[in-house]
Amino acid sequence: MSVVGTSAAPDGRDVRAFPADAIDPDQLPDGLVVADEHGRIVRFNAAAARITAVSPADALGRPLEKALPLEDLEGRRWWQLTDPYGGLAIRVRQPERNLLLPGGREVLVAARYVRDEPLGPLRRLVVTLRDTDARRRTERSHAELIATVAHELRSPLTSVKGFTATLLAKWERFTDEQKRLMLETVDADADRVTRLIAELLDISRIDSGRLEVRRQPVDIAAAVGRHIQAHVAAGQPADRFLLRVEHPLPALWADPDKVDQVLSNLLENAVRHGAGTVTIDVTPAPSPREGEETATSVTVSDEGPGIPEESMNRVFTRFWRGSKRGGTGLGLYIVKGIVEAHGGTITVGRAPGGGARFRFTLPVSAPAYLA
Ligand SMILES: Nc1ncnc2c1ncn2[C@@H]1O[C@H](COP(=O)(O)OP(=O)(O)OP(=O)(O)O)[C@@H](O)[C@H]1O
Ligand SMILES: [Mg+2]
């Protein structure tokens, strides 16, 4: 025999009881509203109170359409529209739907029609309410992502289209020099689109946790050296870079292409957004991962303006860019995703010389058979 607990409505009436060992409705994460056979509210749990901002004391005993006046997105009154007590007796439920609370707040509502016998009169109406805030937030962030991407793709494509159309229409009227200049712009813009698409693919892998890490031994000091050489070959003075390597370094196992992506972005940022000497320190470090002895740390510091204190927690988010010299603002988001996919960490701070300082730490992750 099951023990039955009861609770009383404000007017002292006994209301429908729940077994004492059942879940306390106030512990439910979703709002729960139960109405009796007359459409009066007999249950109004804590989550329902939070979602509707109506206290249980105000709701209990009142008619459903008064205490919970829901409207659909066209502004029609929901309880009159669906008419659970007078409507079709074959109906057993209302599927989840987006409705509006007074004041226009959205809420997801589903209902169950409880009858004693099929086609009998409605004994109870059980309604669940669910907050849409979290869902809205992710939807909004997706919508923003799409809008930003469309915008970022449009400007290089506009230039590609403009220059090719001009060249095709007036080919004879331009000198070779002018044509070369236009084609160079088209070439650079096409590169930008390609790069942006590659970055977006990385982002979608990072966001869905599908970023693959193919580990092999990586000489990270040599990799940093190669990136410095590339910048020097592209016209930066050689004394803009200072590479300091602390030996001995543990043998690092990582994905070389991905480590290159990280280094390339951090160095490019230091050169483009920073100023003065770019110092890169490669040192052994304690592992950020538990149960592992060692890791390798790479610190990139510059002497530029640095990242303002109040923006430091935003540099790793998508599309954040501080200066007008910025690119798409995806670089550091991808860097962080790659470092974390390796089990590592990355931090931003202020360099002793005043500029920005980015430090990432990768666990050595030697395969088990080498341990
Ligand atoms: N070394 C730095 N010094 C000063 N500001 C920096 C530095 N590194 C990054 N930032 C700031 O952080 C912003 C975000 O950097 P991130 O690498 O994510 O994007 P980006 O360089 O603008 O574009 P992308 O890397 O996608 O081409 C930059 O726009 C810049 O304002
Ligand atoms: Mg960048």
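Before I begin, one definition: two strands are said to pair here if DSSP finds at least two bridges between them. By that criterion β3 and strand β7, residues 122–131, pair in the antiparallel sense, and they do so over five bridges. Please keep in mind throughout that what we are looking at is a predicted model.

Let me place that pair in its surroundings. The domain assignment divides the chain into domain 1, residues 4–131, domain 2, residues 135–207, and domain 3, residues 216–370. The C-alpha centres of domain 1 and domain 2 are separated by 52 Å.

I will start with the sheet that contains β3 and β7. It is an open sheet of five strands, in the order β4-β3-β7-β6-β5, and the pairing is antiparallel. Its edges are β4, residues 41–44, and β5, residues 93–100, and because each has a single partner strand, one side of each is left without a neighbour in the sheet. From one strand to the next, the twist averages 20 degrees.

If we now walk across this sheet from the β4 edge, we come to the pairing of β4 with β3, residues 31–35, where three bridges join the two antiparallel strands. Val34 has Arg43 as its bridge partner in β4, and Ala35 is bridged to Ile41 in that strand. These two strands form a hairpin with five residues between them, and in its turn Gly39 has a positive phi of about 85 degrees. Going on from β3 to β7, we find Leu32 standing opposite Thr128.

The next step takes us from β7 to β6, and here the antiparallel pairing extends over nine bridges, with Ala111 standing opposite Val127 of β7. β6 and β7 also make a hairpin, this one with six residues between the strands, and the turn residue Leu119 has a positive phi of about 65 degrees.

Finally we reach the β5 edge, where six bridges join β5 to β6, residues 106–115, again with the strands running antiparallel. Arg93 is matched there with Arg112 of β6 as its bridge partner. The hairpin of β5 and β6 has five residues between the strands, and Gly103 in it takes a positive phi near 95 degrees.

There is also an annotation to mention for this part of the chain: an unreviewed UniProt entry lists residues 26–62 as "domain: PAS". In the model, the end C-alpha atoms of residues 26–62 lie 19 Å apart, and the span is 30% helix and 24% strand.

Let me turn to the other sheet I want to show. This, too, is an open sheet of five strands, in the order β9-β11-β12-β14-β13, but its pairing is mixed. β9, residues 241–245, and β13, residues 345–350, stand at its edges, and since each has a single partner strand, one side of each is left without a neighbour in the sheet. Ignoring direction, neighbouring strands of this sheet are turned by 20 degrees against each other on average. Within the sheet, β12 and β14 pair in the antiparallel sense over seven bridges, and Ala295 has Pro363 in β14 as its bridge partner. Helix α7 packs on this sheet, where it touches β9, β11 and β12, and its direction makes about 175 degrees with that of β9. Helix α9, for its part, lies across β13 and β14 and runs at about 135 degrees to β13.

What, then, makes up the largest nonpolar core? It has 38 residues, and those with the most contacts inside it are Ile220, Val224, Val262, Leu266, Val300 and Val335. Among the elements that give two or more residues to this core are α7 (220–233), α8 (256–272), β12 (294–301) and α9 (331–341). Leaving aside residues up to four places away in sequence, Val335 touches Val262, Asn265, Leu266 and Ile346. Apart from this core lies another, of 26 residues, among them Val34, Ala67, Val107 and Ala111.

I will close with one residue of helix α6, residues 176–207, namely Glu199. Is Glu199 buried or exposed? It counts as buried, because it has 21 C-beta neighbours inside 10 Å, and the cut-off for buried is 20 or more. Again not counting residues up to four places away in sequence, Glu199 touches Thr328, Leu330 and Ile334. Glu199 and Glu246, by contrast, are 47 residues apart in sequence and 32 Å apart in space, C-alpha to C-alpha.

Methods
Residues numbered from 1 in each chain as written. Chains lettered and ligands numbered in written order. Predicted model: local features only at pLDDT ≥ 70, side-chain atom pairs only at ≥ 80, totals over all residues. Helix = DSSP H or I, 4+ residues; strand = E, 2+ residues; numbered from the N terminus. Axes fitted to C-alpha atoms, helices over the stretch in contact; angles between N-to-C directions. UniProt positions renumbered as here; feature names shortened; annotations may be inferred. Core = buried A, V, L, I, M, F, W, Y, C linked by C-beta atoms within 7 Å. Buried ≥ 20, exposed ≤ 12 C-beta atoms within 10 Å, placed from the backbone. Contact = placed C-beta atoms within 7 Å. Domains from an automatic or database assignment.
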